[in-house]
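Here are a few exercises on side-chain packing and pairing, each with a worked solution. Grab your viewer and follow along.

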Amino acid sequence: SRAPREGEVDGVHYHFRTREQFEQMIKNEEVLEYTEYCGNYYGTPRKAVEDMLNAGKDVILKIEVEGAMNIKRLFPECCLVFILPPSMQELERRLRKRGTEKIIERTAQAREELKFAENYDYLIVNGALEKAVDDLRAVISAEKLRKVRQMTLLNQLRAE
C-alpha cells in the first residue's frame, strides 16, 4: 500500500494498492501472506501465485520473515532463501542511496529479521550482485534435483 517510488510502474515492479483496497483483499482472503511494515501493507496475492504454480512455474517471493513462515506453513515443500547484506553499514548505505524513508526503522527491522535466518533453508550474501544471483540460481537448480521433487520421474522409470 506504499506509494510507488520514482520510476516504479504499477503491475511491473509491484501491484500498488490503496490502504483501503489492500484491507479489502485481506478481508476477502486474496493474499497468502501480508504484513504492515513501516506504516504500509505488503503482501502476496493468492491468485497470482496459484496460477503460476498450476502452470508448473517456479515462484520466487520477496517477502519479510513472518510472511515467509506463513508461506512455509501453507506450502511445506517450499524452499526459503534468506538474503543477507554484507554488513549492517552497507545495508544502511544502500537504503540511503535509493532514497528510502525511515532508515533507522528499516535497519532496526533488519536486525530483528536476522533472528529468523536460522529458520531458512539457505543464506545468500548480497555483496556482489552477480555472485548473489549465481548463488540463487544454484539453490534453484539444487532444489529441482531434490529426490522429493523427482519421485514422479523415478516411479515412471521404475514402471518401464
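**Exercise 1.** Work out how the side chains of Glu143 and Arg149 meet, and how exposed each residue is.

Step 1: Glu143 and Arg149 meet in a salt bridge, at 2.9 Å from N to O. The criterion is a side-chain nitrogen of Lys or Arg within 4 Å of a carboxyl oxygen of Asp or Glu.

Step 2: Now the exposure. Buried means under 20% relative accessible area, exposed means over 50%, and partly exposed is in between (1.4 Å probe, protein chains only). Glu143 has 9%, so Glu143 is buried, while Arg149 has 34% and is partly exposed.

Step 3: Some bridges share partners, and that joins Arg19, Glu23 and Glu36 into one network. Over the whole structure, the search turns up 15 salt bridges.

A word on the model: it is predicted, so local features need pLDDT of at least 70 and side-chain atom pairs count only at pLDDT 80 or more, while totals for chains, interfaces and linings use all residues. Residues are numbered from 1 along each chain as its sequence is written, and side-chain values use heavy atoms, leaving out hydrogens and water.

**Exercise 2.** Place the Lys131–Asp135 salt bridge in the fold.

Step 1: The closest N and O atoms of this pair are 2.8 Å apart.

Step 2: Both residues lie in helix α6 (residues 129–144), four residues apart, or about one turn of the helix. Helices (H or I, at least four residues) and strands (E, at least two) are DSSP runs, numbered from the N terminus.

Step 3: Lys131 comes out at 49% relative accessible area and Asp135 at 23%, so both are partly exposed.

**Exercise 3.** Classify the ring pairs that Tyr41 makes with Phe22 and Tyr34.

Step 1: Rings of Phe, Tyr and Trp (its six-membered ring) pair if their centres lie within 6.5 Å; planes under 30 degrees apart are stacked, over 60 edge-to-face, and the rest tilted. By this rule there are five aromatic pairs.

Step 2: Phe22 and Tyr41 have ring centres 5.1 Å apart and planes at 5 degrees, so they are stacked. Phe22 sits in helix α1 (residues 19–27) and Tyr41 in strand β2 (residues 40–45), so the pair ties together parts 19 residues apart in sequence.

Step 3: Both Phe22 and Tyr41 are buried. For Tyr34 and Tyr41, the centres are 6.2 Å apart and the planes at 65 degrees, so that pair is edge-to-face.

Step 4: Tyr34 is partly exposed at 41%. Ring pairs link Phe22, Tyr34 and Tyr41 into a cluster.
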